[in-house]
Amino acid sequence: MPAPDQTPSPPIDPDAQSGEPVRLLIVHDQLFYRQCLAQTLVTTGRFAAVGHAGGGDDALAQVGRDPPDLVVIDWQLPAPGALALTRALKTAFPDVKVLILGIVETLDVVQECVEAGAAGYVVIDDTVEQFLARVDQVMRGEASSSPGIVRALFSRLSKLSHYGHTGGAGSGADVLTFRELQILRMIAEGLSNKQIASRLKLSQHTVKNHVHNLLEKLAADGRYAAVQYAYERRWLSR
């Protein structure tokens, strides 16, 4: 039996395999890694025109010249980061699908990727067969994530629905993502971006992006104003 958090991926769809090869672009800051991944995928016979880019600007330029079917982006891509690149791609090229390649698949990370416009998430510990299964799902227009994440997502939606009906503190999630609300609580505790990054095991750049986004959503002039806004609406308790 599989371990509790290692639910097997769905089998590869034979109909998807028999279709046209997927035109793919890999975005990763390490040249050796993306070249090796490209070569591995080419050997499956499932992909055509496997290109690769080392950063966001290069990726956007390549997609503009020759749009692929699918862009695979490394979650840890340096600034402006995977989420910013995903948003830019989906804004400029809405028909191009995005699959995020990450280290750990957690609900918070997957939620952020989906909100940015990604169609799926795959971890680097997955096998090539599991990766292909994710690609099949994405190319069929399905959201792709592990069954465990899907169950957790429905659980969270259920809780948010409950909060909305009862008028509880969770109604702040209508405006902010779970991660943004989490970071806002830490700001209220007086933590700096560096301290928040350490506690959540995120990069300072990622935390800075979240802070920028929550301030923009709340139309707040600064961190103090955002915290006061949340207190007034009882999203946070003093």
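1. Start with the outward side of helix α11: Y224 and E232 are exposed there, on the face turned away from the helix's buried side. Keep in mind that this is a predicted model. The buried residues of α11 (residues 223-232) are A226, V227, A230 and Y231. Those four span an arc of only 140 degrees around the axis, so they sit on the same side of α11.

2. What does the buried side of α11 pack against? Its buried residues pack against α8 (178-188) and α10 (204-218). Just past the end of α11, have a look at R234, which takes a positive phi of about 60 degrees.

3. On to α10. This helix has 15 residues and runs 21 Å from its first C-alpha to its last, close to the 21 Å expected at 1.5 Å a residue. Its buried residues are V207, H210, V211, N213, L214, L215 and L218. The cover over them includes α4, α5, α8, α9 (193-200) and α11. After α10 comes A219, another place to check the backbone: its phi is positive, near 55 degrees.

4. Now the cores. The largest nonpolar core has 23 residues, and within it V27, V71, I73, I100 and C113 touch the most other members. At least two residues of this core come from each of β1 (22-27), α3 (56-65), β3 (70-74), α4, β4, α5 and β5. Apart from this one lies another core, of 22 residues, with L176, M186, I196 and Y231 among them. Y231 will be familiar from point 1, as one of the buried residues of α11.

5. C113 deserves a closer look. Not counting residues up to four places away in sequence, C113 touches W75, L83, I100, A118 and Y121. One of these, I100, is also listed with C113 among the residues that touch the most other members of the largest core.

6. T86 is worth a click too. This residue belongs to helix α4 (residues 82-92). Is T86 buried or exposed? At 0% relative accessibility, T86 counts as buried. Leaving aside neighbours within four places in sequence, T86 is in contact with I73, V98, I100, A116, G117 and A118. Of those contacts, I73 and I100 also appear in the list of residues that touch the most other members of the largest core.

7. Then strand β5 (residues 120-123). Both of its faces are covered: G120 and V122 are buried on one side, Y121 and V123 on the other. As a reminder, side chains in a regular strand alternate between the two faces of the sheet. β5 pairs with strand β4 (residues 97-102) in the parallel sense, over four bridges. In one of the places where they meet, L99 has G120 in β5 as its bridge partner. Between the two strands the chain passes through helix α5 (residues 107-116), making a β-α-β crossover that is right-handed.

8. Last, L37, which is found in helix α2 (residues 31-42). Because its relative accessibility is 16%, L37 counts as buried; the cut-off is under 20%. Beyond residues up to four places away in sequence, L37 touches I26 and L101. Its C-alpha atom and that of H52, 15 residues apart along the chain, are separated by 9.5 Å.

Note on methods
Residues numbered from 1 in each chain as written. Predicted model: local features only at pLDDT ≥ 70, side-chain atom pairs only at ≥ 80, totals over all residues. Heavy atoms only, no water. Buried < 20%, exposed > 50% of the residue type's maximum accessible area, 1.4 Å probe, protein only. Contact = heavy atoms within 4.5 Å. Pairing = 2+ DSSP bridges. Right-handed = clockwise from strand over helix to strand, strands pointing away. Arc of directions from axis to C-beta. Expected span 1.5 Å × (residues − 1). Core = buried A, V, L, I, M, F, W, Y, C linked by side-chain atoms within 4.5 Å.
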